[in-house]
Amino acid sequence: MAEVREEWRCAGLRWAPSGPSLAWLHPVHGMRSSPLPPGRLLAFTTGGARRCIGVRRGGRHTPCPTDAEVPGTAVSAQCAECARLDRSHSVAADTAVDDPRPYDVYLAWFGPRLIKVGITAAEREGVRLLEQAALSYALLGRGPLMAARRAEAVLGAALAVPDRFPYAAKRAARHPVPPRERRAAELAALHERACALGTLPESLAVRAFAPVHHDEAFHLDRIGPGHCLVELSAGRTLAGAVAAVAGPDVYLEAADGRLLLVDARQLAGWPLLAAAPGARTTVSVRIPEPAGPESLF
């Protein structure tokens with residue numbers, strides 16, 4: 001059994017209908033969270049090593065049995081064994097076929113030519129779309145898990161609607177943000193085509209078209225051009241004020257005027273030590289490469 005480390009570690013970003021927050025794990029004190037409203041000052045220094053955050057299921061956390069170290073730039077903060085355990089009962093991995101809960105089938109708009117189909121537990125009330133950074137979405141229907149899975153497959157086969165996109169393409173489409181009217185019109189057209197197929201499962205209760213937009217939830221008006229991507233490593237400091245949060249991405253306004261983008265998936269697993277609000281940012285940053293047409297498919 002690995003030695004227990006008495007320190008708080010970031011567990012990534014969590015979304016709720018009330019907004020985003022950073023989650024924290026401690027071997028003795030459990031889990032806590034810190035809300036991330038616009039204007040909140042963040043100033044921290046990364047600790048010596050990034051380690052696996054274990055498995056979280058049903059609101060319970062199981063620590064990694066080996067306290068494995070994970071690469072600082074990896075999107076996942078889990079070691080291979082914990083990732084395997086996490087997917088052993090996962091709707092996304094088609095290993096939870098006996099889930100009795102009702103599921104929603106949604107159409108999510110991320111950008112021009114970036115509309116996907118997906119499913120989420122109805123009880124989550126749209127939180128999955130916040131986590132995925134969908135700029136707008138509309139529900140297609142609600143029903144049992146396997147009916148929702150079947151509807152997802154039907155849209156993929158009949159209308160060539162994908163169930164995922166490269167994240168860089170979604171991120172690049174946030175600025176400038178197309179108007180809500182355009183997003184709603186494209187979602188409405190796809191919703192109408194899906195309902196006209198005649199091959200959706202009978203147990204799926206089709207929903208009337210009602211678009212939802214995340215402009216205010218994400219504070220999209222505060223996301224400008226020219227942001228820099230933060231690359232985390234041990235012993236580096238990051239300081240700034242929260243400008244916006246979209247999906248797992250936290251945009252910070254640095255003291256020198258730069259807009260820094262932190263992927264909170266890469267924050268997970270690091271011990272983050274408080275730094276003075278006026279501390280100098282020493283993390284590495286890079287300018288993101290443009291997302292070309294080939295990244296959309």
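Helices here are DSSP runs of type H or I with at least four residues, numbered from the N terminus. The model shown in every view is predicted.

**Figure 1. The whole chain holds 7 helices and 17 strands.**
The radius of gyration is 20 Å, close to the 19 Å that the globule rule gives for 297 residues, so the chain is as compact as a globular protein of that length. Its C-alpha trace spans about 60 × 45 × 35 Å along the principal axes. Of the 297 residues, 49% count as buried. Take the contacts with a separation of 6 or more: 69% of them come from residues 24 or more positions apart.

**Figure 2. Helix H4 carries Arg171.**
H4 covers residues 167–172. Is Arg171 buried or exposed? Arg171 has a relative accessible area of 14%. The cut-off for buried is under 20%, so Arg171 counts as buried. Leaving out residues up to four places away in sequence, Arg171 touches Leu229, Asp249, Tyr251, Leu261, Asp263 and Arg265. Two of these contacts, Leu229 and Leu261, return in the next view.

**Figure 3. Strands E12 and E15 pair in the parallel sense.**
E12 covers residues 228–231, and E15 covers residues 259–263. The two strands share 2 bridges. Leu229 stands opposite Leu261 in E15. Arg171 touches both Leu229 and Leu261. Cys228 is buried, at 8% relative accessible area.

**Figure 4. Seven strands make an open sheet with mixed pairing.**
The 7 strands follow the order E16-E4-E13-E14-E15-E12-E17. Which strands stand at the edges? They are E16 (272–274) and E17 (284–286). Each has a single partner strand, so one side of each is left without a neighbour in the sheet. Neighbouring strands are turned by 45° against each other on average, direction ignored. Strands of a sheet pair through backbone hydrogen bonds, either parallel or antiparallel.

**Figure 5. E1, E2 and E3 form an open antiparallel sheet.**
The order of the 3 strands is E1-E2-E3. E1 and E3 (30–35) are the edge strands, and each pairs on one side only. From one strand to the next, the twist averages 30°. E2 and E3 run antiparallel and are joined by 6 bridges. Ala23 has Ser33 in E3 as its bridge partner.

**Figure 6. Strands E1 and E2 form a hairpin.**
How many residues lie between the two strands? There are 2. E1 covers residues 9–16, and 6 of its 8 residues are buried. E2 covers residues 19–26 and pairs with E1 in the antiparallel sense over 7 bridges. Leu13 stands opposite Leu22 in E2. In a regular strand the side chains alternate between the two faces of the sheet.

**Figure 7. The largest nonpolar core has 58 residues.**
Which members touch the most other members? They are Leu13, Leu36, Val105, Leu155, Leu238, Leu252 and Leu267. A second, separate core has 11 residues, including Ala108, Phe110, Ala134 and Ala173. Back in the largest core, Leu238 makes a good close-up. Residues up to four places away in sequence are not counted here. Beyond them, Leu238 touches Leu42, Ala43, Phe44, Val230, Leu252, Leu260, Val262, Thr281 and Val283.

**Figure 8. Ala268 sits in the loop between helix H7 and strand E16.**
H7 covers residues 264–267. Is Ala268 buried or exposed? Ala268 has 4% relative accessibility, so it counts as buried. Neighbours within four places in sequence are left aside in this view. Apart from those, Ala268 is in contact with Cys10, Ala11, Gly12, Arg50, Ile53 and Ala77. Ser76 is 192 residues from Ala268 in sequence. In space, the C-alpha atoms of Ser76 and Ala268 are 8.1 Å apart.

**Figure 9. Cys10 has 0% relative accessibility.**
Cys10 counts as buried. Ala268, from the view before, is in contact with Cys10. How many disulfides are there? A disulfide needs two cysteine sulfur atoms within 2.5 Å. By this rule there are 0 disulfides. Cys10 is in no disulfide, and the nearest cysteine sulfur belongs to Cys52, 14 Å away.

Notes. Residues are numbered from 1 along each chain as its sequence is written. This is a predicted model: local features need pLDDT of at least 70, side-chain atom pairs count only at pLDDT 80 or more; totals for chains, interfaces and linings use all residues. Side-chain values use heavy atoms; hydrogens and water are left out. Buried means under 20% relative accessible area, exposed over 50%, partly exposed in between (1.4 Å probe, protein chains only). Two strands pair if DSSP finds at least two bridges between them. Axes are lines fitted to C-alpha atoms, for helices over the stretch in contact, and angles run from 0 to 180 degrees between N-to-C directions. A nonpolar core is a set of buried Ala, Val, Leu, Ile, Met, Phe, Trp, Tyr and Cys residues joined through side-chain atoms within 4.5 Å. Contact means heavy atoms within 4.5 Å. The radius of gyration is taken over C-alpha atoms; the globule rule is 2.2 Å times the number of residues to the power 0.38.
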